[in-house]
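Have a look at the structure below, and keep it open while you read. We'll go through how two helices sit against each other, and then turn to pairs of charged side chains.

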Amino acid sequence: MPMHGSQGSQGSATARGSAAPGSGAAAGRGFGLGLALVSALAFGGSGVAAKPLIEAGLDSLHVVWLRVAGAALVMLPVAWRHRALVRERPLLLAGFGLLAVAGVQACYFAAISRIPVGVALLVEYLAPALVLGWVRFVQRKPVTRAAALGVVLAVGGLACVVEVWSGLSFDVLGLLLALGAACCQVGYFVLSDQGSDADERGRGVPDPLGVIAYGLLLGAVLLTVVARPWGMDWSVLAGSADMDGTAVPAWLLLCWIVLLATVVAYVTGVVSVRRLSPQVAGVVACLEAVVATVLAWILLGEHLSPPQLVGGAVVLVGAFIAQSSKTAAPPAAVEPDTVLSPEKSSV
């Protein structure tokens, strides 16, 4: 799930490129692309590591709490360094904690406890298409035909993934939970875009790492109230979990979820967007669904039918088009000083 980069960071990248024409900008873009791929790989493994813990006896909400609380502890020094954000951007931090952290993770983990990991993540990746709906119907901005085509493809692909012709063979509640994760991810993208601007008081762009650190902290607090971890069966973590017939230490899976699938995934994702445009980073992040599906196939034995594989590919193509398409230019001319920059006119 990529973060939108700040204008300041993009400006500094431009400056570096002008200092060393061609080579510096290309190197920075290549490094950013590599980090974006690492982020997609790390995020894609979260469900594969979490599902064995859920099947071993942990409630899905407890796994989410362990993930978020563990990552919040790791990011605590970053939160302390950016403690001024609590005073400067309280609503932004609250939104991140509620939607981007607690909402997305709780809905997704609850979904994979009922439906295959690959299906849950493919449904979640309707989010880039849903963002276009937000732009068109909430912000009332026109969108391009290519963006609308992306939405149609994504919805059609989803129909193949859930095999609607067989009477919704998958758990309906599981699908609704995955859709809830997609809606929360829309909130993530919208808040990321708002967080990439200076506020109305003229204060600077908030550091993305600080926003994520506080999002994890607030998410952990919210999930503590909901998940009530004091009732968790802690003995599960001392045992092992079954991964398609192979016994894996539960604590090792937990470390995978906290360190790789959360801390490394978020940090590399944020830094990558500082080197890339939000559109490129968002498209690369769509690989998360492919990674999760392949890992679930290899490690969990979750095989998808040919129509579901085709549908998953169509979902990704639709998300790609929707995420990379820019909003259409407004029909009426506007004053030059009110024209949005290319970064701000895109989704």
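## Two helices at a slant

Helix 3 and helix 15 are oblique to each other in this predicted model. Why oblique? The angle between them is about 40°, and oblique is the word used because that value is neither under 35 degrees, which would be roughly parallel, nor in the 65 to 115 range, which would be roughly perpendicular. In general, two packed helices are described by an angle and a distance between their axes. For this pair the distance is 8 Å, with helix 3 covering residues 46–55 and helix 15 covering residues 287–300.

So who touches whom? On the helix 3 side you'll find Val48, Lys51 and Pro52, and they meet Ala292, Leu295, Ala296, Leu299 and Leu300 of helix 15. Sorted by type, the residues of this contact come out as 7 nonpolar, no polar and 1 charged.

## Lys51 has a partner too

Side chains of opposite charge can pair up when their charged atoms come close. How many salt bridges turn up in the whole structure? A search finds 3.

One of them involves Lys51, a residue you've just met in the contact with helix 15. Lys51 pairs with Glu302, and their closest N and O atoms are 2.8 Å apart. Glu302 sits in the loop between helix 15 and helix 16 (306–324), while Lys51 is in helix 3, so this salt bridge ties together parts that are 251 residues apart in sequence.

Are these two buried or exposed? Glu302 is buried, at 15% relative accessible area. Lys51 counts as buried as well, with a value of 10%. The cut-off to keep in mind here is under 20%.

## A link between two loops

Next up is Arg114, which forms a salt bridge with Asp171; here the closest N and O atoms are 2.9 Å apart. Both ends are in loops: Arg114 lies between helix 7 (90–112) and helix 8 (117–124), and Asp171 lies between helix 10 (145–161) and helix 11 (172–194). That makes it a link between distant parts of the chain, 57 residues apart.

Arg114 is partly exposed, with 42% relative accessible area. Asp171 also counts as partly exposed, at 26%.

## Arg87 and Glu88

Finally, the side chains of Arg87 and Glu88 meet in a salt bridge, at 4.0 Å from N to O. Arg87 is exposed, with a relative accessible area of 61%, whereas Glu88 counts as partly exposed at 27%.

Note on methods: Residues numbered from 1 in each chain as written. Predicted model: local features only at pLDDT ≥ 70, side-chain atom pairs only at ≥ 80, totals over all residues. Heavy atoms only, no water. Axes fitted to C-alpha atoms, helices over the stretch in contact; angles between N-to-C directions. Helix = DSSP H or I, 4+ residues; strand = E, 2+ residues; numbered from the N terminus. Parallel < 35°, antiparallel > 145°, perpendicular 65-115°, else oblique. Contact = heavy atoms within 4.5 Å. Nonpolar A, V, L, I, M, F, W, Y, C, P; charged D, E, K, R; others polar. Buried < 20%, exposed > 50% of the residue type's maximum accessible area, 1.4 Å probe, protein only.
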